[in-house]
Amino acid sequence: MTADSSDDVDGWRRTAPVVDELPLVDAELSPARRLEIVFELFEVGGRMRAQRHLRDRPEADAAEVDAVVRRWRAERPGAPMGDVGGRVRARPAR
């Protein structure tokens with residue numbers, strides 16, 4: 001299969017937006033823009049996982065791909081407690 005839009009499976013094969021405006025210093029970004037980048041990266045991660053599944057199983061339909069991405073996001077393989085290193089501790093109550 002080619003990578004053009006004619007073989008999209010409900011959008012999973014489309015190219016995700018690229019974050020190309022990241023400055024070297026995070027302080028230059030507004031809080032709103034930083035949150036937008038978080039959401040963009042969340043979407044890019046899901047599309048990357050979908051692409052991986054489609055490479056492994058080209059016959060997969062959209063429902064299967066969606067289920068794989070949802071499960072991947074829920075289970076967080078390799079980072080069950082999040083992406084930050086260090087000790088796990090309870091958050092203080094507010």
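This report describes a predicted model of one protein, from its helices to its core and salt bridges.

## Overall make-up and confidence

The protein has 94 residues, and 24% of them are buried. Its secondary structure consists of two helices and zero strands. Of the contacts between residues at least 6 apart in sequence, 47% join residues at least 24 apart.

The mean pLDDT is 77, and 67% of the residues reach 70 or more. Over residues 1-6 the pLDDT is below 50, and this stretch has four contacts in the model beyond near neighbours in sequence. Where pLDDT is low, the predicted coordinates should not be read in detail.

## Helix α1

Helix α1 covers residues 31-56, which is 26 residues. At 1.5 Å a residue it should span 38 Å, and its end C-alpha atoms are 38 Å apart, so the two values agree.

The buried residues of α1 include the nonpolar residues I37, V44, A50 and L54. R33, R47, R49 and H53 are also among the buried residues of this helix, as are G45 and G46. The buried residues of α1 pack against α2, which runs over residues 62-75.

## Helix α2

Helix α2 has 14 residues. The distance from its first C-alpha to its last is 20 Å, close to the 20 Å expected at 1.5 Å a residue.

Four residues of α2 are buried: A62, V65, V68 and V69. Seen down the axis of α2, these buried residues fall within an arc of 130 degrees, so they line one face of the helix. An α-helix has 3.6 residues a turn, so residues three or four places apart point the same way. The buried residues of α2 pack against α1. On the other side of α2, the residues A63, R70, A74 and E75 are exposed. Just after the helix, R76 takes a positive phi of about 50 degrees.

## Where the helices meet

In soluble globular proteins, nonpolar side chains tend to be buried together. Here the largest nonpolar core has five residues, namely A50, L54, A60, V65 and V69. Both α1 and α2 supply at least two residues of this core.

Which residues does H53 touch, leaving out those up to four places away in sequence? They are A60, E64, V65 and V68. H53 itself is in helix α1. Its relative accessibility is 9%, and because buried means under 20%, H53 counts as buried. H53 and E64 are 11 residues apart in sequence, and their C-alpha atoms are 9.2 Å apart in space.

## Salt bridges

Side chains of opposite charge can pair when their charged atoms come close. The model has six salt bridges. One of these pairs is D66 with R70, whose closest N and O atoms are 2.9 Å apart. D66 and R70 are four residues apart in helix α2, so about one helical turn separates them. D66 is partly exposed, at 27% relative accessibility, whereas R70 is exposed, with a relative accessible area of 58%. Elsewhere, salt bridges that share partners join R33, E36 and E40 into one network.

Within that network, the side chains of R33 and E40 meet in a salt bridge with an N to O distance of 3.2 Å. Is R33 buried or exposed? R33 is buried, because its relative accessibility is 13%. E40, at 22% relative accessibility, counts as partly exposed.

E43 and R47 form another salt bridge, with their closest N and O atoms 3.2 Å apart. Both residues lie in helix α1, four residues apart, which is about one turn of the helix. E43 is partly exposed, with a relative accessible area of 30%, while R47 is buried, with a relative accessible area of 17%.

Methods:
Residues are numbered from 1 along each chain as its sequence is written. This is a predicted model: local features need pLDDT of at least 70, side-chain atom pairs count only at pLDDT 80 or more; totals for chains, interfaces and linings use all residues. Side-chain values use heavy atoms; hydrogens and water are left out. The expected span of a helix is 1.5 Å times one less than its number of residues. Buried means under 20% relative accessible area, exposed over 50%, partly exposed in between (1.4 Å probe, protein chains only). Contact means heavy atoms within 4.5 Å. A salt bridge is a side-chain nitrogen of Lys or Arg within 4 Å of a carboxyl oxygen of Asp or Glu. pLDDT is the predictor's confidence in each residue, from 0 to 100. The arc is that of the directions from the helix axis to the C-beta atoms. A nonpolar core is a set of buried Ala, Val, Leu, Ile, Met, Phe, Trp, Tyr and Cys residues joined through side-chain atoms within 4.5 Å.
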